Amino acid sequence: MAIAVLPSQRLGRFVEITAGGEIVRAFLPPPLPPNPPVDLLRLQERLSLAHLALGRLDGIAMLLPRPELFLYMYVRKEAVLSSQIEGTQSTLADLLRFEIRAHDGQPIDEIREVSNYVDAIMYGLDRLQHLPLSLRLIRELHERLLRNSRGEGKSPGEFRRSQNWIGGSRPGNALFVPPPLNELDSCLDALERFLHEEGSGLPVLVKAGLIHVQFETIHPFLDGNGRIGRLLVTLYLCARCVLHQPLLYLSLFLKTHRADYYRLLQEVRERGAWEEWLDFFLGGVAETADQAYRAAGRIVDLFRGDRERIRSGAESRRANSALRVHELFQCHPFLTAHFLVEQTGLSMPTVNSALSVLEEVGVVAEVTGRRRGRIFGYRDYLAILNEGTEPLPAAGSNVAKE
């Protein structure tokens, strides 16, 4: 006779600990995969749509004339969006201007944090060629994420050695208290084993969704858990060859649905509601991949159309130099004349003439209003890239950050 498996086996347990001078209940999640198993039949339609959308996105990336250009921009968009979920007010424009040393008066600590996120993603992709996705690599990513930023005093690259909490002003009034220190290693070891197991037969996308929640629940660092947890989704999909390039900026969906995101994370902990979370997660993968696919097509069309406008809008000699400058704007939507001289080898008069052509045909515009130290922006390209990257309100939200 079959033995019934109780739904409560999906749930973790609470343990009483002393933190901040008071007794609180910390949560211990059960190891993955969930038991009873995830109902894949219920998720089949969402899973199929997500795979289809990712396949289209990966396909267009391989067909693009300059795939490295799209990788450059998509990684930066994900960095901005993931950091905004944590309350950073920096925009994609701030980051791009920071990277060409044209930064002017923005909060530099926040921009450096976003730039660190870019560095962590690219470092992680490179390390995956030589090292499996592991606790060691996660610590290395964390060190790069927090270096020379506001989080550099929060033990970069080290798992926490003190109790943390989510929401509230202290552990006693927190929304959620992660596992205590004496259980942290065992939780992380179980997570690392799940990263590499094959016995469950779970689809890669489902495993990615499970891994993200488990990491957020363990909350192994003093700072940066949310950003590392979202970065893990992309790196896991790349490590398992579901994506060949990190073109999925899932943080756009999570930012847009931030309240649902945090609510569903908590419902997994409280009720074992894995199917509800995975339904949300897979829907976000499909929606975000479709948005990225459409944006890539629009950018290709924009570049093609603007090249034609430049050719028809200036005589041959000026058009040739303008086209060279236009190519650089495709890689760096904000540029200065000095940067263009350095990168193209053209003379300053030739660069200024090319910029005049691009302004005349409506491709770029000067954005500072200054006579010296001018910065030019590729307007329509930036408009596409900036979609969804407006900062969240700095105050007034009672949603707890992960």
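1. Helices, as the term is used in this note, are DSSP runs of H or I that span at least four residues, numbered from the N terminus. By that convention, His326 is placed in helix α12, which covers residues 316-331. The structure under discussion is a predicted model.

2. His326 has a relative accessibility of 1% and therefore counts as buried, the limit being under 20%. Setting aside residues up to four places away in sequence, His326 touches Phe303, Asp306, Arg307, Ile310, Leu358, Val363 and Tyr378. One of these, Leu358, falls within helix α14 (residues 348-360), and another, Tyr378, belongs to strand β5 (residues 376-378).

3. An unreviewed UniProt entry carries the annotation "binding site" for a set of residues that includes Glu86, His219, Asp223, Asn225, Ile228 and Tyr262. The annotation in that record also covers Gly224, Arg230 and Tyr261, and the next two points take up Gly224 and Tyr261 in turn.

4. Gly224 sits in the loop that separates α7 (204-218) from α8 (225-239). With a relative accessibility of 5%, Gly224 counts as buried. Apart from neighbours within four places in sequence, Gly224 is in contact with Leu145 and Leu146.

5. Tyr261 is found in helix α10, residues 258-271. Its relative accessibility is 0%, so Tyr261 counts as buried. Residues up to four places away in sequence not being counted, Tyr261 touches His212, Glu216, Arg230, Leu254, Trp277 and Phe280. Of particular note for the annotated set is the pair Tyr261 and Arg230: their side chains are joined by a polar contact of 3.4 Å, and both residues are covered by the "binding site" annotation from UniProt.

6. The model also contains an open sheet of three strands, arranged in the order β3-β5-β4 with antiparallel pairing. Because β3 (334-335) and β4 (364-366) each have a single partner strand, they stand at the edges, and one side of each is left without a neighbour in the sheet. In general, the strands of a sheet pair through backbone hydrogen bonds, in either a parallel or an antiparallel manner.

7. Strands β3 and β5 run antiparallel and are joined by two bridges. Phe334 has Gly377, in β5, as its bridge partner.

8. Which helix lies across β4 and β5? Helix α14, made up of residues 348-360, does so, and it runs at about 110 degrees to β4.

How values were computed: Residues are numbered from 1 along each chain as its sequence is written. This is a predicted model: local features need pLDDT of at least 70, side-chain atom pairs count only at pLDDT 80 or more; totals for chains, interfaces and linings use all residues. Side-chain values use heavy atoms; hydrogens and water are left out. UniProt positions are given in the numbering used here, feature names are shortened, and annotations may be inferred rather than shown by experiment. Buried means under 20% relative accessible area, exposed over 50%, partly exposed in between (1.4 Å probe, protein chains only). Contact means heavy atoms within 4.5 Å. A polar contact is a pair of N or O atoms within 3.5 Å; within protein, one must be able to donate a hydrogen and the other to accept it, and residues adjacent in sequence count only if both atoms are side-chain atoms. Two strands pair if DSSP finds at least two bridges between them. Axes are lines fitted to C-alpha atoms, for helices over the stretch in contact, and angles run from 0 to 180 degrees between N-to-C directions.
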